Amino acid sequence: MKYFNKTDINWFGLDASNDMLEIANSKLENVSLIQANAENMPYSSSTFDFIVNNYALHHFKNKGQALTEIHRILKNDGIYKLHNNSTHDMSQWWVYYYFPSVYGEDLQ
């Protein structure tokens, strides 16, 4: 977080994959990382001012429950930023070209 090192921001990260958290932990400093599912996050209600969800929504087993959890832990005036891909429309995406098994997993 070298671009934000002079700000008073508390950084948190959550992932279901311990392997992904190990990679993140090797690249980040001053971030609280935990292993958990988005459908059942271990945070108190109304905790976060800003939540970012990049390229993960299609991995959630229960998208409705995950969105309910995000709403629960987001402050009333908080911001939720979602950015995702459309698996069904991206069969020729370079990631699927080089990692074809991922396409089938994402479709599920």
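## Close-up views of a predicted model

**View A. Surroundings of Glu-39.** Apart from its neighbours within four places in sequence, Glu-39 is in contact with Phe-60, Lys-61, Asn-62, Gln-65, Ala-66 and Glu-69. The model shown here and in the following views is a predicted one, and Glu-39 is placed in its loop between strand S2 (31-35) and strand S3 (48-54). Among the residues in contact with Glu-39 is Asn-62, whose backbone nitrogen is reached by the side chain of Glu-39 at 3.0 Å.

**View B. The charge of Glu-39.** Which side chain of opposite charge is nearest to Glu-39, and how far away is it? The nearest is Lys-61, at 7.2 Å, and Glu-39 has no salt bridge although it is buried. In general, side chains of opposite charge can pair when their charged atoms come close. For a salt bridge, a side-chain nitrogen of Lys or Arg has to lie within 4 Å of a carboxyl oxygen of Asp or Glu, and Lys-61, 7.2 Å away, therefore does not form one with Glu-39. Lys-61 is nevertheless one of the residues in contact with Glu-39.

**View C. The salt bridge between Lys-75 and Asp-49.** The structure holds 2 salt bridges, and in the one formed by Lys-75 with Asp-49 the closest N and O atoms are 3.3 Å apart. Lys-75 belongs to strand S4 (residues 74-83) and Asp-49 to strand S3, so the pair ties together parts that are 26 residues apart in sequence. Lys-75 is partly exposed, its relative accessible area being 30%, and Asp-49 also counts as partly exposed, at 47% relative accessibility.

**View D. The salt bridge between Arg-72 and Glu-69.** In this pair the closest N and O atoms are 2.8 Å apart. Arg-72 and Glu-69 both lie in helix H2 (residues 63-73), where they are 3 residues apart, about one turn of the helix. Are Arg-72 and Glu-69 buried or partly exposed? Arg-72 counts as partly exposed at 26% relative accessibility, whereas Glu-69, with a relative accessible area of 8%, is buried. Glu-69 also appears among the residues in contact with Glu-39, which links this view to View A.

**View E. Strands S1 and S2 with helix H1.** Strand S1 (residues 11-15) pairs with S2 in the parallel sense, over 5 bridges, and the bridge partner of Gly-13 in S2 is Leu-33. Between these strands the chain passes through helix H1 (residues 18-27), and the β-α-β crossover made in this way is right-handed.

**View F. The loops on either side of S2.** Glu-29 lies in the loop between H1 and S2 and is exposed, with a relative accessible area of 61%; Glu-39, by contrast, is buried and lies in the loop between S2 and S3. Computed along the sequence, how many residues separate Glu-29 and Pro-42, and how far apart are they in space? They are 13 residues apart in sequence, and their C-alpha atoms are 21 Å apart.

**View G. The chain as a whole.** The protein chain has 4 helices and 4 strands, which run from the N terminus in the order β-α-β-β-α-β-α-α. Its C-alpha trace spans about 40 × 30 × 20 Å along its principal axes, and 22% of the 108 residues count as buried. Of the contacts between residues at least 6 apart in sequence, 52% join residues at least 24 apart.

Terms used: Residues numbered from 1 in each chain as written. Predicted model: local features only at pLDDT ≥ 70, side-chain atom pairs only at ≥ 80, totals over all residues. Heavy atoms only, no water. Helix = DSSP H or I, 4+ residues; strand = E, 2+ residues; numbered from the N terminus. Buried < 20%, exposed > 50% of the residue type's maximum accessible area, 1.4 Å probe, protein only. Lys, Arg positive; Asp, Glu negative; His and termini not counted. Polar contact = N/O pair within 3.5 Å; in protein donor to acceptor, adjacent residues only side chain to side chain. Contact = heavy atoms within 4.5 Å. Pairing = 2+ DSSP bridges. Right-handed = clockwise from strand over helix to strand, strands pointing away.
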